[in-house]
Amino acid sequence: MAENTAIKLELKHISKSFPGVKALNDVSFQLRRGTTHVLCGENGAGKSTLMKIINGIYKEDEGDIFVDGQKVKIRDPLHARNLGIAMIYQELSFVPDLTLEENICLGHWPMKGKGAIDWKAVRKKTMELLEQEGLPYAPDTKLRSLNVSDIQMIEILKAVSFNADIIIMDEPTSAITSKEVERLFEKIEQLKQRGASIVYISHKMDEIFQIADDITILRDGNVIETHEAGDIDEKTVIELMVGRKIENQYPKEEVEISDEMLRVEGLTSEGTFHDIDFHVKRGEIVGFAGLMGAGRTEVMRSLFGLDRYDSGTISVKGKEVRIKSVQDAIQNGIAMLSEDRRRYGIVPLLSVEENIALAALDKFIRKGRWYKKEEFDAVRSMCEKMRVKTPTLETKVFSLSGGNQQKVILAKWMVREPDILILDEPTRGIDVGAKSEIYQLMMELVKQGKSIIVVSSELPELIGMCDRVYVMHEGYMTGMLEKNELSQEAVMQLAVKSVQ
Amino acid sequence: MEKQMTLNKGKKNFLSKYSLIFILVIFMIVCTFANENFLTSTNLINVFRQQSVVIMLALGEMILIIAGLLDLSCGSVVAFAGVVSVLAYKSIPNLFVGFAVAIGVALAINALNGLMVTKFKTPPFIATLATQAIARGAALYITGGQNVYEIGDYNAVGQGSFGPIPIPVIIMLIALAVMIYVMRYTRFGRSTYAVGGNEEAANASGIKVNAVKMKAYLVNGILVGVAALVFMSRVNGGLPNGAKDYEFDALTATIIGGTSFTGGVGNPIGTLLGALIVGFLGNIMNLMSVDSYIQQIVRGAIIAFAVIIDIYSKDRQTSKSNK
């Protein structure tokens, strides 16, 4: 057991089953002290289950867990916390209407005697932590007013506040900008230098190789391979994750581009975006790039009738239309896949079939009659086309993985047969395999003569898939790049260029 | 995996789908042994006749809760719509007039509920608490607080039978059949589940959320109106103080029937079974002469218990998910 001093956390032969699924199969995993161990794998590979076992949310069926060489049975998250384990979730867990200090101290308040919270101690502790970590927030800020990246920092602060030395981060960069990613990585470096060990779940290759000391690849509940980061390359990792070779990540092909489908002129929503002009042709994939807060999503929300706009014109197929509601947008052949699929995409407790049929109920229920078979067949063939992995069509959507939920939402719109499809961050939080499937679907759709608008924060994706890319900065359009002008540098220049 | 996509529900769903029937049957067996008067046709028919009103109210409550709404006003609206209908019948003795007036009044109050909830964004709990007071007050005001008697053939609906089957039961069964159809086979019904399950996603899918909510209140209005007439007709008078706490029974029945308080889940058959369980429970307590105060305590405990079960089972469901 002598060598165990270098091993902070060890899992041996962990298995876990859920009704009908073996989520983890004989998984062993070692986290070396003071290192970052990246866990990668497609959605449904078992990463989250493994992390939830470490955090005491699930109980393992078989296998042992060792912390500092000591065998432990982790009862619940509180027990995990006492063992020095902290988890920073993909969906951040905080109370938006409480202040920073209240969120930090939530659950372990400094007390005055038995009954009362010692607010002075709360303030003092928070100030000390903020200072120690070099974070510029006021302790009485309400978390609602902060953005995702700030809150992430505060989550880390919370972990530090109870001296966690095993910190698990579940896809921490899925909602933050590249600058914020750098800040996060600096923080991780600091934590490591203090002797903390990090488990980092991600499928973004560039960042994996930037921060990993060790990499473990999971697939279908099995550990495929574990390597030191220097011993393996990106291509191999992807292939191990997917379990097959991916020839071309961006399956872009020449498609005939013809008449104009959509033209937006002078679109303005006071205080949000101003004078937005763009157009999209049949068969085109048009990208929207920009930093967070550039207003891209807001423009799309107005175009789709989710928000109002103050002025400007929208023309579909050369005819000016007024879009006041989602129904208007759908009538005009516009569909939108939202960036926040949990909030705007799925109805979690409804089945796959019910979710997919949702936007086309008027197709399947006509004149008071439900064409059940028609609906079932349409949904099934769409699921097959989209390769939605689900046990049955009756399965409730919440139990599917993120990538499959995204495919369900896409399928919902495909059943509707829109002419113009707006995809807002279509590949956020989904794995490499599902990503390339979504790219292929995009190509199939434009081949059928549809038009696609993609809003994305992943530049390689925009550059790989788009015919043209519009770039926005703080509510203004700063430029448009043709296919041959597209490069990361060119886009970034426009993305930080301020108007006036 | 695509090949496995079939219409089969699987064993687990089968159990949870029919668990209410098992509970009802077991409960009835226990009751049969507990009291010899329980399993008699007179008693069972009586329970059905009594519960018909509650079942109709519960069906209204169900559609609202599925849509993420609520109605605390239905008991009072039964009283208000009922007495207005009785008074109208006394001047124009025609049952169609009676029905039209009862449904009209209940629809009006529920349109108000719907308006407050959709247009003014009042929480349903508060909006319908307000109309609860308004409707009860109005019922007492127009009758001067006195019961209205000598209602002639108005009582034919509530007290009559068609063969062995009481007319209220027939009306209730028609309402049930209509609701099964509405919830499963209409665009409105399907949209209701989506609105309650995730309002923002429903909106982003092109569903007119406010229209769905308004319609849910109007459907509730029709059910409450019919229930009002049946109630007054059964008790043979216009009772401005009648149907007190019926919203409580309707809610209990709905929750026991598997409608989830968080919205998006529920079905009419479950609601029927829930209402029968509540009805038989009240019945057996009466037969065994349980003190009426104790009965009230039991009813309170039951609804708390039902909600706990609902939340627990939902917890288990969702924690099973993120694999």
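Two strands pair if DSSP finds at least two bridges between them. The exercises below apply this to a predicted model.

**Exercise 1. Place strand E11 of chain A among its neighbours: which residues are bridge partners of His37(A), Val38(A) and Ile217(A)?**

Step 1. Strand E3 of chain A covers residues 36-40 and is joined to E11(A) by four bridges, the two strands running parallel. Strand E11(A) itself spans residues 214-219.

Step 2. Read off the partners on this side. His37(A) has Asp214(A) as its bridge partner in E11(A), and Val38(A) has Ile215(A).

Step 3. Turn to strand E12 of chain A, residues 222-228, which pairs with E11(A) in the antiparallel sense over six bridges. Here the partner of Ile217(A) is Glu225(A).

Step 4. Look at the connection. E11(A) and E12(A) form a hairpin with two residues between them. Asp220(A), in the turn, has a positive phi of about 50°.

Step 5. Check the cover. Five of the six residues of E11(A) are buried, so the strand is mostly covered.

**Exercise 2. Describe the sheet that holds E11(A): what is the order of its strands?**

Step 1. The sheet is open, has six strands and shows mixed pairing; the order in chain A is E6-E9-E10-E3-E11-E12.

Step 2. Find the edges. Strand E6 (85-88) and E12 of chain A each pair on one side only, which makes them the edge strands.

Step 3. Add the twist: from one strand to the next, the average is 15°.

Step 4. Add the helices. Helix H6 of chain A, residues 178-193, packs on the sheet and touches E3, E9 and E10 of chain A. Its direction makes about 145° with that of E10(A). Helix H1 of chain A, residues 47-54, lies across E3, E6, E9, E10 and E11 of chain A and runs at about 135° to E3(A).

**Exercise 3. Is Lys8(A) buried or exposed, and what does its side of the structure contain?**

Step 1. Lys8(A) belongs to strand E1 of chain A, which covers residues 7-18.

Step 2. Its relative accessible area is 3%. The limit for buried is under 20%, so Lys8(A) is buried.

Step 3. Leave aside neighbours within four places in sequence. The contacts of Lys8(A) then include Leu31(A), Arg33(A), Phe66(A), Asp68(A), Asp165(A) and Ser197(A).

Step 4. Phe66(A) also appears with another lysine: the charged end of Lys12(A) sits over its ring, 4.9 Å from the centre. A similar case to list is Arg366(A), whose charged end sits over the ring of Tyr371(A), 4.0 Å from its centre.

**Exercise 4. How many aromatic pairs are there over all chains, and how is the pair of Tyr181(B) and Tyr185(B) arranged?**

Step 1. A search of the whole structure finds 12 aromatic pairs.

Step 2. For Tyr181(B) and Tyr185(B), the centres are 5.6 Å apart and the planes make 10°. Planes under 30 degrees apart count as stacked, so this pair is stacked.

Step 3. Both residues lie in helix H7 of chain B (residues 167-185), and because they are four residues apart there, about one helical turn separates them.

Step 4. Tyr181(B) is partly exposed at 38% relative accessibility, and Tyr185(B) is partly exposed at 28%.

Step 5. In chain A, Phe278(A), Phe288(A) and Tyr470(A) form one aromatic cluster.

**Exercise 5. What is the phi of Asp26(A) and of Asp275(A), and where does each residue lie?**

Step 1. Most residues other than glycine have a negative phi.

Step 2. Asp26(A) is not a glycine, yet its phi is positive, about 50°. Asp26(A) is found in strand E2 of chain A, residues 21-32, and is partly exposed at 43% relative accessibility.

Step 3. Asp275(A) also has a positive phi, near 50°. Asp275(A) lies in strand E14 of chain A, residues 273-281, and counts as exposed at 53%.

**Exercise 6. How many disulfides does the structure contain over all chains?**

Step 1. A disulfide is a covalent bond between the sulfur atoms of two cysteines.

Step 2. The search over all chains finds zero disulfides.

Step 3. Two cysteines can still be located by their cover: Cys40(A) is buried at a relative accessible area of 0%, and Cys31(B) is buried at 3%.

Key. Residues numbered from 1 in each chain as written. Chains lettered and ligands numbered in written order. Predicted model: local features only at pLDDT ≥ 70, side-chain atom pairs only at ≥ 80, totals over all residues. Heavy atoms only, no water. Buried < 20%, exposed > 50% of the residue type's maximum accessible area, 1.4 Å probe, protein only. Phe/Tyr/Trp six-rings, centres within 6.5 Å; stacked < 30°, edge-to-face > 60°. Lys NZ or Arg CZ within 6 Å of the ring centre and 35° of its normal. Axes fitted to C-alpha atoms, helices over the stretch in contact; angles between N-to-C directions. Contact = heavy atoms within 4.5 Å. Disulfide = S-S within 2.5 Å.
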